Amino acid sequence: MPAAKPAAMSVSALLAAVKGALASALPASITVVGELSNFKAHTSGHLYFSLKDASGSINAAMFRFAASRLRFSPHDGLEVVVTGRVDVYEARGQLQFYVESMSPRGAGALELAFRQLQEKLAREGLFDPAHKVPLPRFPRAVGVITSPTGAAIRDIRRTLARRWPGAGVYLMPVLVQGDGAAADIAAAITAMDASAGRLGIDTIIVGRGGGSLEDLWAFNEEAVARAIHACRTPIISGVGHEVDVTIADLVADVRAATPTAAAELAVPDAADVRRHVSQLAGRASRAMRESLDYWRRSLEACLRSVVFRDPPHRLRSAMQRVDELAHRLPAAARHDVARRRQRLAGPEGRLQALHPARLHADAARKLADLTHRLRWVLGGQSKRAGDTLSALAARLETAHPRHRLALARQQVDATARHLEALSHRSILRRGFSVTRNENGDIIRQAASVTPGQSVHTEVTDGTFRSVVDGEATRKPMAALPTMTKRKTKPQESGPGLFD
């Protein structure tokens, strides 16, 4: 018989079997090192991300209850160490790691959270010195926000009572570590700032004694930092020891190394104030004595003056002064009248100059002068215009075509005479002749002709034809042979070259 096939499983049954296999094969708690990727913080408070390394990746989730305990803000690229369990997400059939705790690898979670919050608040300007308020020099009352049972409150009260016993001290007891401490401190700061005007509180001290980073963490919370920044009353932060630095120290108006140092900064030292007052009293006493001495000397000088020794002296001097003024008054009056007359002489002269008859005479004189000048100017212009017209007429006569034609004829006649002087006919008239062959070429050598060749000879009054009857020779012949001359009609002497 063939073997029976196994029954088909549903998807849910398969996933349940996988979950059971994972539960039996893997421990209940696993610690994994990986890098955060695709990080997303849901509005519900759950965190969803992927854990990856060089060769693998797994989806992970961290629910709100576990995420609320984180002291830092996760982000992509951060290498973390997580602890949790592996399970199957049935809705998608995916393998998923459920994270129960997370810490950054390398730096601690609290250190990373401190750096992240410090960078965030610095970008918002909470550490800007422009927001810090100066402390009052003589506060009426000091508010203290700290634990009522710690050593910090005892040190603060002892220091305030020793340095400035007249200042009132108001304690706002709060938790300084543990869950809820940050919210308690922030609420106390807000409440004391609201009551500062009614209670006369001029300075607030926030602090606690020393401890580890975890013990001081309440003063590194964002709620405390924002409450300090919003406080209108000057705040001194004295948290931990001198080496401890918290976010509250950076936001506060003044940072103190310890709670005792915060109390010393809050109030002045009464002994120093008494010494300063004593010094001021001594200076005031010396100033008063010096002032009394000055006024005593002034009074003695007044008593020694003429006024006290001879009281009628001032009256006699005044009477003498009146007599002198009475004597000088008529002369001054005459001088004033003369000065005013002299001042009126100028306007009178100007009025006379503006009289209509005077103005008419001046206008007539100016008109005559202008007429004479106009005639002179017009005559000069007329003469200059005539001279200009004559010059233009001469230039026009020179540029007239008849004048230019006469000049051209003179130039042509001169050129014709020059050409006639250079012509060969002038040479013929001196007894020379020109002999040419039948082609019209001039015969320059005897060797260039042959017996029986016909030649033409040009003389000054015409041309005749000859025939060569002998050999050419360079020696003169005894007798010339008879040449047959064809009678030609002498050419009449024609006109010149340019006639």
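How much accessible surface does the protein have, and what percentage of it belongs to carbon and sulfur atoms? The accessible surface comes to about 34,700 Å². Carbon and sulfur atoms account for 57% of that area. Keep in mind throughout that this is a predicted model.

**Stop 1: the whole chain**

Start zoomed out, with the C-alpha trace alone. Along its principal axes the trace spans about 175 × 165 × 55 Å. The radius of gyration is 69 Å, whereas a compact globule of 499 residues would have one near 23 Å. Now colour by secondary structure. There are 14 helices and 13 strands to find. Next, colour by burial. Of the 499 residues, 26% count as buried. Switch on contacts between residues at least 6 apart in sequence: 59% of these join residues at least 24 apart.

**Stop 2: charges**

Select the charged side chains. The protein carries 69 positive and 49 negative charges. The mean positions of the two sets lie 12 Å apart. Side chains of opposite charge can pair when their charged atoms come close. The structure holds 16 salt bridges. The next stops visit some of them.

**Stop 3: helix α9**

Select residues 270–303, which make up helix α9. Show the side chains of Asp 272 and Arg 275. They form a salt bridge, with the closest N and O atoms 1.9 Å apart. Why are these two separated by about one helical turn? Because they are three residues apart in the helix. Check their exposure too. Asp 272 is partly exposed, at 38% relative accessible area. Arg 275 is also partly exposed, at 47%.

Stay on this helix and pick Leu 299. Is Leu 299 buried or exposed? With 52% relative accessibility, Leu 299 counts as exposed. Now draw a distance from its C-alpha atom to that of Leu 14. The line runs 120 Å. Along the chain, the two leucines are 285 residues apart.

**Stop 4: helix α11**

Move on to residues 312–353, helix α11. Select Asp 336 and Arg 339. Here is another salt bridge, with 2.3 Å between the closest N and O atoms. The spacing is three residues, so about one helical turn separates the partners. Arg 339 is partly exposed at 34% relative accessibility. Asp 336 is partly exposed as well, with 23%.

**Stop 5: Arg 255 and Asp 249**

Go to Arg 255 and Asp 249. Their side chains meet in a salt bridge, at 3.5 Å from N to O. Which partner is buried, and which is partly exposed? Asp 249 counts as buried, because its relative accessibility is 4% and the cut-off for buried is under 20%. Arg 255 is partly exposed, with a relative accessible area of 34%.

**Stop 6: a four-residue network**

Select Lys 120, Glu 124, Glu 222 and Arg 226 together. Salt bridges link these residues in a network. Show the side chains as sticks to trace the links.

**Stop 7: strand β1**

Finish at residues 30–41, strand β1. Pick Asn 38 within this strand. What is the phi of Asn 38 near? Phi is near 55°, a positive value in a residue other than glycine. Turn on the surface as a last check. Asn 38 is exposed, with a relative accessible area of 59%.

Technical notes. Residues are numbered from 1 along each chain as its sequence is written. This is a predicted model: local features need pLDDT of at least 70, side-chain atom pairs count only at pLDDT 80 or more; totals for chains, interfaces and linings use all residues. Side-chain values use heavy atoms; hydrogens and water are left out. Helices (H or I, at least four residues) and strands (E, at least two) are DSSP runs, numbered from the N terminus. The radius of gyration is taken over C-alpha atoms; the globule rule is 2.2 Å times the number of residues to the power 0.38. Buried means under 20% relative accessible area, exposed over 50%, partly exposed in between (1.4 Å probe, protein chains only). Contact means heavy atoms within 4.5 Å. Accessible areas come from the Shrake-Rupley method with a 1.4 Å probe; for residues, only the protein chains shown count as cover. Lys and Arg count as positive and Asp and Glu as negative; His and the chain ends are not counted. The place of a charge is taken as NZ of Lys, CZ of Arg, CG of Asp or CD of Glu.
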